[in-house]
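Me: I'm new to this one. Could you pick a single part and take a close look at it, then show me how it fits with the rest?

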Amino acid sequence: MARDIDRKLRVTAALLGAVTAKDLAAAFRRANPATSFDVERAHKWIQGRARPRELRLYEDWAKVVDLDRPGAWIADCELDDFIGVICARHNCDRDMLERRLESSRRPTAGQRQERNPALAGTYACYSHAWSPYFRGQLIRGEFSIAQQGSQGLLACYSERLPTSRLHLEGRLEVTGRAMHLDLRETDGNAHMLFCLFSPTPPASVLAGFMCGATIIDPDAQPSVTRIVMVRLPGPSMRLRSADAYLPPQASVAADLASLGLPIPNLAAVDHGVGGFLAGNQNSGLNQVDPHSYRTLIDLFNPIWLAGATAMRGRVGEA
């Protein structure tokens, strides 16, 4: 008999960084395009008012969380066992996962999305590596934004480093001129500041500066880099589990495509993101001009809007 389905779904959402029931549905569709997981019923499942009855959906669930267990095990196992296996499989800190699970209970995922549809979601982040051991390479991070009850917007930034998983959290503040983030490690000393362009709908991309100190370095060097945050169609297991440092000369566009974002022109995206990240290296003052950010908006808005239109079409057909 299926048990603790509501909490197991919230654990899955916390693992994936899923902000809404729509994000969870997208993850199930990536695992199986013919899945019976749908948003309307998911709201009831997450709230504990109903439970899935089809064994095939639990099989899809096992693929979503990438477990070598049958779907029936997910339905029948104890919640504590489910969390333990999830954390062991994905090398995830249990305390952090349970904190995210607790914060997801109020309000529900669907309510959070309705309160802030423009920013809530998962973003793949690209910036210059600060560590001297990876000089000249790009580093990939995960950024998520969620409405947390009456407390406002919660932002999380993480990187899967060779030494450990870096995870920072903090409140997001959007003023008329910029978006500011002060993010800190919940169980460590890492601290990063972000100053980004004030976003406009559909918030397909965020960009600006990230400032902090090197993590993998004999000396903690104050550092600043330009950063590009590209909004994904939904949470990505690969984004959460893949090594943060990209190989030298790696294609950002190809990496985004592997994370589930359809890219019609790889070369244009690589050129636009690369140009923004390079900036003006001939001056001690590194400022981002609005035109370079507008170039990113012009690149990613059509991609995002085309994906949203296609998604609505699939939902309508269903």
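Reply: Let's start with β7 and strand β8 (residues 222–231), an antiparallel pair with nine bridges between the two. A quick word on terms: helices (H or I, at least four residues) and strands (E, at least two) are DSSP runs, numbered from the N terminus, and two strands count as paired if DSSP finds at least two bridges between them. Before going on, bear in mind that this is a predicted model, where local features need pLDDT of at least 70, side-chain atom pairs count only at pLDDT 80 or more, and totals for chains, interfaces and linings use all residues. Residues are numbered from 1 along each chain as its sequence is written, and side-chain values use heavy atoms, with hydrogens and water left out.

Back to β7. If you want a spot to find by eye, look for G212, which faces S223 in β8. β7 also pairs with strand β6 (residues 191–197): four bridges link them, again antiparallel. There, L193 has C211 of β7 as its bridge partner.

How enclosed is β7? Seven of the nine residues in this strand (residues 205–213) are buried, so the rest of the structure largely encloses it. Buried here means under 20% relative accessible area, exposed means over 50%, and partly exposed is in between (1.4 Å probe, protein chains only). As a rule of thumb for reading such a picture, side chains in a regular strand alternate between the two faces of the sheet.

Now follow the pairing outward from β8. Strand β1 (residues 121–128) joins β8 through five bridges and runs antiparallel to it; one place to check is Y126, whose bridge partner in β8 is V228. β1 is mostly covered too, with seven of its eight residues buried. β1 also pairs with strand β2 (residues 138–147), over eight antiparallel bridges, and Y123 stands opposite F143 of β2 in that pairing.

The loop between β6 and β7 deserves a stop. P202 is placed in this loop, and a cis peptide bond, with omega of about 5°, joins P201 to P202. A203 is in the loop between β6 and β7 as well, and this residue has a positive phi near 55° without being a glycine. What's the usual pattern? Most residues other than glycine have a negative phi, and most peptide bonds are trans. A203 counts as buried, at 1% relative accessibility.

There's a contrasting case elsewhere. N91, in the loop between α6 and α7, isn't a glycine either and has a positive phi of about 50°. Is N91 buried or exposed? N91 is exposed, with a relative accessible area of 61%.

That loop takes us over to the helices. The largest nonpolar core holds 38 residues, and F37, W61, V65 and L97 have the most contacts inside it. (Such a core is a set of buried Ala, Val, Leu, Ile, Met, Phe, Trp, Tyr and Cys residues joined through side-chain atoms within 4.5 Å.) Helices α1, α2, α3, α4, α5, α6 and α7 (94–103) each give it at least two residues, and α1 makes the largest contribution, seven residues. A second, separate core has 31 residues, including A129, L166, L168 and M179.

Within the largest core, W61 leads you to helix α4 (residues 55–64), where L57, Y58, D60, W61, A62 and V64 are buried. These buried residues pack against α1 (5–16), α2 (21–31), α3 (39–46), α5 (71–76), α6 (79–90) and α9 (237–241). Right after α4 comes D66, with a positive phi of about 60°. L97 is worth a look as well: leaving out residues up to four places away in sequence, L97 touches V11, A14, L15, I83, I86, C87 and C92. Contact means heavy atoms within 4.5 Å.

Finally, zoom out. The chain has twelve helices and eight strands, and buried residues make up 51% of its 318 residues. Of the contacts in the chain with a separation of 6 or more, 57% are between residues 24 or more positions apart.
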